[in-house]
Every structure is written in structure tokens, then in C-alpha cells.
Amino acid sequence: MPAARSVIHHGAFQGVTGSCHQLFLTDVDSVLIDCGLFQGVESSTGSSGSALAPAIDFPLDSVRALVVTHTHIDHVGRIPYLLMAGFRGPIYCTRATALLLPLVIEDALRLGLTRDATLIASVLELLRSLLIPVDYDTWLALEVGAAVGVHLRFRQAGHILGSAYVEFEWINGADPGFRIVFSGDIGCRGTPLLPDPEPLERADILYLESTYGDRLHESRRDREERLRKVIERCVADGGAVLIPAFSIGRTQELLYEIEDIIATHGSFWPAITVILDSPMAAAFTNLYQELNSLWDAEALARNASGRNPLDFARLHVVESHAEHERVVNYLRSTGDPCIVIAASGMCAGGRMQNYLQALLPDPRTDVVFVGYQAEGTPGREIQEYGPQGGYVVLDGERISIRAGVHTLGGYSAHADQRELLDFVLNASHVGRVRLIHGSPSAQQALTALLRQHHITSP
């Protein structure tokens, strides 16, 4: 029987996706921190060679609640399977996450499980009934099962809207004040629209993400300058810039910076159109605007000056699948310069695949990757083989890559090695750090760095 304060990992322990961690509050009462889908190569095989299915393959008899750090699919995509397995406990999250989560789950259901509208509606109704929104920086007593005297708090993680790292503190018993922290995904400092991550106060045990534990990002100024140059090449060559982007977070950051580039430099260009072709991204962008009280000071000031960074004159939102098909065919035949932002972020599905199939063979096209491309995804293959003039298989079709391929690492929503290290070192006390949510090479590099600073990282 697991002991209190022990953790069993059901994903993102020795890999990057499928975040799901089971924390025992007592010997018989536990909570899940996230319940995400495996993606890329991790969705087909694990380290043992066995399939990593989305179904819940662990017992739920001790699970009393679910705590959600944020709404990316690799952190919440298994929630429908959790509900199908019989889970009916409370789901704790920030207020913004409570608004975003039903949209994410609805999309996950349509893509991965069913298009039955009645079934989807019943799942979403159940989900909403279990949600318990919690304010940032507010301690909440977890009265679940026999667990008494354990408090929960969400802190700003700066990763996407509503994202948080989560703290558990035991306030009585043999060791009052003992604190365990799960980082979720920590964002970068200076991310557009979002406040910086709240500094960590202290942790006796910190479960820390390590996605970029082995590298540094380029600066925000550098990434915007590189994006500007790609756009200018697009204008000069008369081609399209294709940006595969996740619907939540990355799309809104891109719109923010593209609006700034156009406002600063665009008067010298022809009227270039920015196409947002993702129903989910459009819905989330609307929510980001409704929740602008959570924006950072820079974004609020720009909005107050009359420049809406998420809704500007040259932005065109594709409303229907029929319009999407017309746009793809038009660009295939004309090559008019434009910027297309569409899902999926790793090119593993969604409308971006249609643009890639149509425009990758055209040398006037530029593909810009602005986020992590997991091993085994089409995005990773384009990233690796595109500069060599290779090919990628999309929907069973071999597509030659003659387009320019660019990677702007500074657009990652994850903290880089330096920011992860600062997150640990700036705390008043950190007992042990256990790295999760990272490739073996990233975890090894960050472990070595932590040990140089005398931080224990098993």
C-alpha cells in the first residue's frame, strides 16, 4: 500500500506527454494531478515497448479528486476516459481553466471518441458539474476521503491562460508545513499577454517539468525579428507562411506579435492577410479577449491605446470547413502572400495538414515551427528532413518538401533551462527535485546542473 506523500506516475515521468501523477494524501486517499493524452511516438509505444493507450489502466479506488494545472491536451486529454472509468470526484482548477476545459474536452471527444452530439453533451454536462474553480493564491482545504489538514493552492505559471503550478501543504500531523509542489508546465518570462510565473516560495519536494532542461531559448526580441524576416521573404516571394500552432496559448502569442510587426513595419508592404483557420483557436482567442483582466500590463496598455492585439484589421478568421477548402485551393493555385495559423501544433491532424499537403512542394512557401515537435509526429519529420529536401507522409501521401523550414525556439511556452534553474534556486528552500515531463537527455542535463548547485535530483 502506498504511503502518504508518495507519488505514482501514470505518464510524463520518463517522457514528455501524457502528464498524470497520483499523489497520496493518506495511505488510502489520493488525488490525480492532470490526466493527459500521450502524443507522438509516446502514443504508440512506451519504454517497455508496450502501447500507451488513452484508457485509464490504473485503479481508481483511492482517487478522490483531480487537480488540473492547465488545459493543454497532454495534461487533460484522458479526462473523458477517466469519467468513463467511473470517476465522479471534484475537479479543482483555476477559474480560467474552468472556462477553457469544456472546449478542449469537446474537441478531444469529437476527434478521438465520437461525433454523437447527445453523448458529447452528456459528458460535458457531467464535467461541468464536477468543476470547482479556485482563485490564484488562495489556500483551499482538501476535505476528500479521510484526508484532513491538507491544503491546496494554485500559483500563476505563465504558460497559457489559467495555467498554474500547484502546492499541497500538510498543516498538522507529525510534520506540519510539509509542502509538495507540482510544476505543471512553467512558462517563459516575458511571454506576450501573460504575467510571468509567480516565484516559488519553497518546497520540500518539487516535481518539476524538464521539457527544455537541456537548452536555452532565443530572446523575445530575436524571435520577433526572425519572424519579421520570414514574413518579408513571404511578401517578396509571393508565397504563404504556414505556422502550425496549438489552439491555446501559442496562437494568441503569435497574433499578438504579428499585430505588432504589421503595426511597426506593415505600412511598407502590400496588404498581407493573416488567416486564422482553426475553430478551436478562434473560440479560445475570443475567451482570451473576454478574460483580458488576466493579461499582463503591456498587453493591457496596447489594448487601451486602441490596438487590439487579438482582433486587428488584417486578421481573417475562417468560419467553416467549406471556406477552409476554398482558401487552401486558392493558395495552391495563386500563391498569394499570406500568413496562415492553424492546428495542429505538431501537424498530426487538423486543418494545417491540408495546407501542408497543398503548399509544401512550393518553394515560395515557408513553414515556421514555434513549439516543441514530439518525436514521431509529422512536425518533427518536416523539421528534420525539410532542410535536406526530403519528404513527409501526410494522410498516407508522400509529400515532397521544397518549402523553407524555420524553427523559432523563443516561441516555446515552456521555460528554458535557465528559467527552470532560476525557479528552483530563487526559492527560500527546496528539499528534493524530481524531474518529470522531459526527454531523458533533457532530464540528464538539468539534473547535472541542479547537482552543481547542490540540489538533490534523483
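In this predicted model, Ser-62 has a relative accessibility of 10% and therefore counts as buried, the cut-off for that class being under 20%. A newcomer can find Ser-62 in the loop that runs between strands β3 (30-33) and β4 (63-67). The side chain of Ser-62 is joined to that of Gln-22 by a polar contact of 3.3 Å. Gln-22 also appears among the residues in contact with Ser-62 once neighbours within four places in sequence are set aside; the others are Phe-24, Val-28, Asp-29 and Ser-30.

Attention now turns to helix α13, which covers residues 440-452. With 13 residues at 1.5 Å a residue, α13 should span 18 Å, and the distance of 18 Å between its end C-alpha atoms agrees with this. Which residues of α13 are buried? They are Ala-442, Gln-443, Leu-446, Thr-447, Leu-449 and Leu-450. Viewed down the axis of α13, these buried residues fall within an arc of 165 degrees, so they line one face of the helix. A general feature of helices fits in here: an α-helix has 3.6 residues a turn, so residues three or four places apart point the same way.

The two sides of α13 can then be followed in turn. On the buried side, the residues pack against β11 (202-209), α12 (417-425) and β20 (429-436). The face turned away from that side carries Gln-444 and Gln-452, both exposed. Just after α13 comes His-454, where phi is positive, at about 65 degrees.

How values were computed:
Residues are numbered from 1 along each chain as its sequence is written. This is a predicted model: local features need pLDDT of at least 70, side-chain atom pairs count only at pLDDT 80 or more; totals for chains, interfaces and linings use all residues. Side-chain values use heavy atoms; hydrogens and water are left out. Helices (H or I, at least four residues) and strands (E, at least two) are DSSP runs, numbered from the N terminus. The expected span of a helix is 1.5 Å times one less than its number of residues. Buried means under 20% relative accessible area, exposed over 50%, partly exposed in between (1.4 Å probe, protein chains only). The arc is that of the directions from the helix axis to the C-beta atoms. Contact means heavy atoms within 4.5 Å. A polar contact is a pair of N or O atoms within 3.5 Å; within protein, one must be able to donate a hydrogen and the other to accept it, and residues adjacent in sequence count only if both atoms are side-chain atoms.
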